[in-house]
Amino acid sequence: MTAIKSIKINEKIYMLPEKPTNKKETFSGDVYRLQVEDNDLAVKIYHSINRDDPDDMDFFPPQEDLEKFIELSPKMEPLLLSNHMVLDLENNYIGCTSYFVEETRKDIGEVIRNLPCNQLFTNIFLLIERIPEVSKYRIALDDWSLDNLKYGTIRNQVESEKIYCFDDSNYRMNKEDSIRIITNTNYACANRLAEDILGDLNLYHALIGKMRYSTCYFEYLERQSRGYKNLDEYSKEYILKK
């Protein structure tokens with residue numbers, strides 16, 4: 001848990017809550033729920049790390065990258081990019097914020113398995129539709145997994161109950177590669193999320209060989225699960241047939 005008690009967001013000082021919201025240790029930092037004006041924010045305070053060590057820098061974005069994420073964040077939901085930089089009282093960059101997702105269902109694996117298929121894939125494809133946009137701005141995505149999804153609502157937003165992808169700690173601005181390469185790499189990141197979901201459904205070894213012929217694994221999974229109530233029903237019937 002961070003020892004920092006007071007932080008600055010947009011030149012205003014706020015006191016952090018006593019305890020973070022994350023229940024398990026994270027690589028990049030502790031997260032606190034904080035009301036800032038009319039918004040509930042998830043405030044991440046990075047772990048104390050050696051900023052002169054390139055290996056330690058892997059767990060949070062450089063300040064100039066974060067500034068770009070903040071600029072783009074309003075038009076990227078349900079991909080939650082950071083929307084504020086967090087400073088300590090000496091104006092050192094120590095963290096970031098994004099909108100706090102009030103989870104209406106805590107177990108994201110259960111959500112993936114039991115949401116009606118049409119609702120699930122509508123949510124997933126909303127995320128994937130953001131890939132060309134972030135790629136255009138040279139953002140390289142990373143770490144799309146079940147651990148970085150939440151299903152819930154964001155305060156003061158209409159029709160906000162959906163699946164959100166959060167935590168841009170490992171995202172980076174890629175100034176070296178072409179937009180085409182960045183785009184392809186980002187779609188591969190989405191495919192790794194599909195692989196994670198397949199593992200949770202006990203379907204990874206059964207389907208991964210077939211899915212690798214598809215550019216977008218979720219498109220393949222959506223086609224294969226048509227006619228089923230949800231992925232739980234699809235996976236159970238698929239396993240029984242085998």
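How buried or exposed is F69? With a relative accessibility of 0%, F69 counts as buried (under 20% relative accessible area, where exposed is over 50% and partly exposed is in between, using a 1.4 Å probe and protein chains only). Before the close-ups, a quick note: this is a predicted model, where local features need pLDDT of at least 70, side-chain atom pairs count only at pLDDT 80 or more, and totals for chains, interfaces and linings use all residues. Residues are numbered from 1 along each chain as its sequence is written, and side-chain values use heavy atoms, leaving out hydrogens and water.

**View 1. F69 meets Y171.**
A search of the whole structure turns up 7 aromatic pairs (rings of Phe, Tyr and Trp, the last by its six-membered ring, with centres within 6.5 Å; planes under 30 degrees apart are stacked, over 60 edge-to-face, the rest tilted). In this one, the ring centres of F69 and Y171 are 6.4 Å apart and the planes stand at 75°, so the pair is edge-to-face. F69 belongs to helix α1 (residues 63-72) and Y171 to the loop between β10 and β11 (172-173), so the pair ties together parts 102 residues apart in sequence. Helices (H or I, at least four residues) and strands (E, at least two) are DSSP runs, numbered from the N terminus. Y171 is buried too, at 1% relative accessible area.

**View 2. Two tyrosines in helix α8.**
Y234 and Y238 make a tilted aromatic pair, 6.0 Å from centre to centre with 50° between the planes. Both sit in helix α8 (residues 231-241), 4 residues apart, or about one turn of the helix. Y234 is buried at 3% relative accessible area, and Y238 counts as buried at 12%.

**View 3. A sheet of 3 strands.**
Here's an open sheet with the order β7-β9-β10 and antiparallel pairing (two strands pair if DSSP finds at least two bridges between them). β7 (101-105) and β10 (162-165) stand at the edges with a single partner strand each, so one side of each has no neighbour in the sheet. From one strand to the next, the twist averages 65°. β7 and β9 (residues 149-154) are joined by 4 bridges, and V101 has I154 in β9 as its bridge partner.

**View 4. K150 and its rings.**
The charged end of K150 sits over the ring of F166, 4.9 Å from its centre (NZ of Lys or CZ of Arg within 6 Å of the ring centre and within 35 degrees of the ring normal). That charged end also sits over the ring of F100, 5.7 Å from its centre.

Definitions and conventions: Axes are lines fitted to C-alpha atoms, for helices over the stretch in contact, and angles run from 0 to 180 degrees between N-to-C directions.
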